[in-house]
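Me: I am new to this structure. Please walk me through it, one short question at a time.
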Amino acid sequence: MPGSDVELMETRATPAPETPLAVAPGEVVIQLDHVGVKYRVPTEHIRSFKEFAIRRLRGQVGYREFWALHDVSLTVRRGEGLVIVGHNGAGKSTLLKVIARVLRPTEGRVWVRGDVAPLLQLGAGFHPEMTGRENVWLNATLLGHSRREIEAHFREIVDFAELWDFIDAPLRTYSSGMVARLGFAVATSWHPDVLLVDELLVVGDQSFQQKCRARIDAFRAAGTTVVLVSHNMSEARALCQQALWLEHGVVRAAGPVDEITAAYEQAASAV
Ligand SMILES: Nc1ncnc2c1ncn2[C@@H]1O[C@H](COP(=O)(O)OP(=O)(O)OP(=O)(O)O)[C@@H](O)[C@H]1O
Ligand SMILES: [Mg+2]
């Protein structure tokens, strides 16, 4: 690559989208129609799999069913940023999993176009006994990238995560912030149509959070659609224009981010 170190640094901090996005500007990228997710939770504590199997055969396993999401509809267009807010247990992560297609909804329809980069759970898809290097390969392969693509991106990934000193150590020796850095670096090394982020930015230290925000901004500017779950309202307002407020699995309000986050903060402070 031609140019000085300074230019190289800039390239690392704000990735240039090397591939055109699959979705044209203004087009709908995510659409959910009346989506519901029902979980079944065992009502009793069962100590072992053997006990579970015996009880199951006897029909003695009791379940409680509840809707973690109910009648959720939303539309997100290319390049938009949507933040999902709500209390703990409101269904935010469940909604992101549905959009990421990790979870099939019990009812309703889900439509997502283009490449999706999911940052759902810290180190999801990472293996603690494998080294950082092996995990980059595993994770990028799981995200659907070829050997050549991974080889071409490997250096940039470890540069962004700033983990060269630890890259050949097993992941179990990493701090949770280091795992998050590696996860973010892998998932965002390619230019996705849709980036899903579940509270990941809370983990890294301040300078890393700034780098993540800069990268998310660069993606947005290049047309990536961002769906973020956040408890940090100033971050929500900085990164998104639209907001969806979930309460007990249903949409309490949706609209411009300033309006919705103000209403949410007011309701939270009134409790
Ligand atoms: N696999 C599961 N089986 C059963 N219940 C689940 C499962 N995953 C989540 N739940 C329940 O579904 C509800 C919604 O969970 P979810 O993780 O989507 O909430 P959240 O809004 O992301 O909360 P937080 O802010 O704490 O991350 C909660 O009541 C949770 O206990
Ligand atoms: Mg969550």
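Reply: A residue counts as buried if 20 or more other C-beta atoms lie within 10 Å of its own, and as exposed if 12 or fewer do. Keep in mind that this is a predicted model.

Me: Which residues of α9 are buried?
Reply: Helix α9 covers residues 257–270. With the cut-off of 20 or more C-beta atoms, its buried residues are V257, I260, T261 and Y264.

Me: Within what arc do the buried residues of α9 fall, seen down its axis?
Reply: An α-helix has 3.6 residues a turn, so residues three or four places apart point the same way. The buried residues of α9 line one face of the helix, because they fall within an arc of 95°.

Me: Which exposed residues sit on the face of α9 turned away from its buried side?
Reply: Exposed means 12 or fewer C-beta atoms within 10 Å. The face of α9 turned away from the buried side carries E259, Q266, S269 and A270.

Me: What do the buried residues of α9 pack against?
Reply: One helix and three strands are involved. The buried residues of α9 pack against α8 (233–239), β3 (81–85), β8 (242–247) and β9 (250–256).

Me: Is A253 buried, exposed or partly exposed?
Reply: A253 is found in strand β9. It touches W245, I260 and A263, leaving aside residues up to four places away in sequence. A253 has 15 other C-beta atoms within 10 Å, so it is partly exposed.

Me: How far apart in space are A253 and A263?
Reply: In sequence, A253 and A263 are ten residues apart. From C-alpha to C-alpha, the distance is 9.0 Å.

Me: Which helix gives the largest share of the largest nonpolar core?
Reply: That core has 62 residues, and V83, I84, L196, V227, L228, C240 and A243 touch the most other members. Among the contacts of V83 are L228, C240 and V257. The largest share of the core is eight residues, and it comes from helix α6.

Me: What is the order of strands in the open sheet of three strands?
Reply: β2 (63–77) and β4 (107–112) are the edge strands, each pairing on one side only. The pairing is antiparallel, and the order is β2-β1-β4.

Me: How many bridges join β1 to β2?
Reply: Strand β1 spans residues 28–42 and runs antiparallel to β2. R40 stands opposite E65 in β2. The number of bridges joining β1 to β2 is eleven.

Terms used
Residues are numbered from 1 along each chain as its sequence is written. Chains are lettered from A and ligands numbered from 1 in the order in which they are written. This is a predicted model: local features need pLDDT of at least 70, side-chain atom pairs count only at pLDDT 80 or more; totals for chains, interfaces and linings use all residues. Two strands pair if DSSP finds at least two bridges between them. Helices (H or I, at least four residues) and strands (E, at least two) are DSSP runs, numbered from the N terminus. The expected span of a helix is 1.5 Å times one less than its number of residues. The arc is that of the directions from the helix axis to the C-beta atoms. Two residues are in contact if their C-beta atoms, placed from the backbone, lie within 7 Å. A nonpolar core is a set of buried Ala, Val, Leu, Ile, Met, Phe, Trp, Tyr and Cys residues joined through C-beta atoms within 7 Å.
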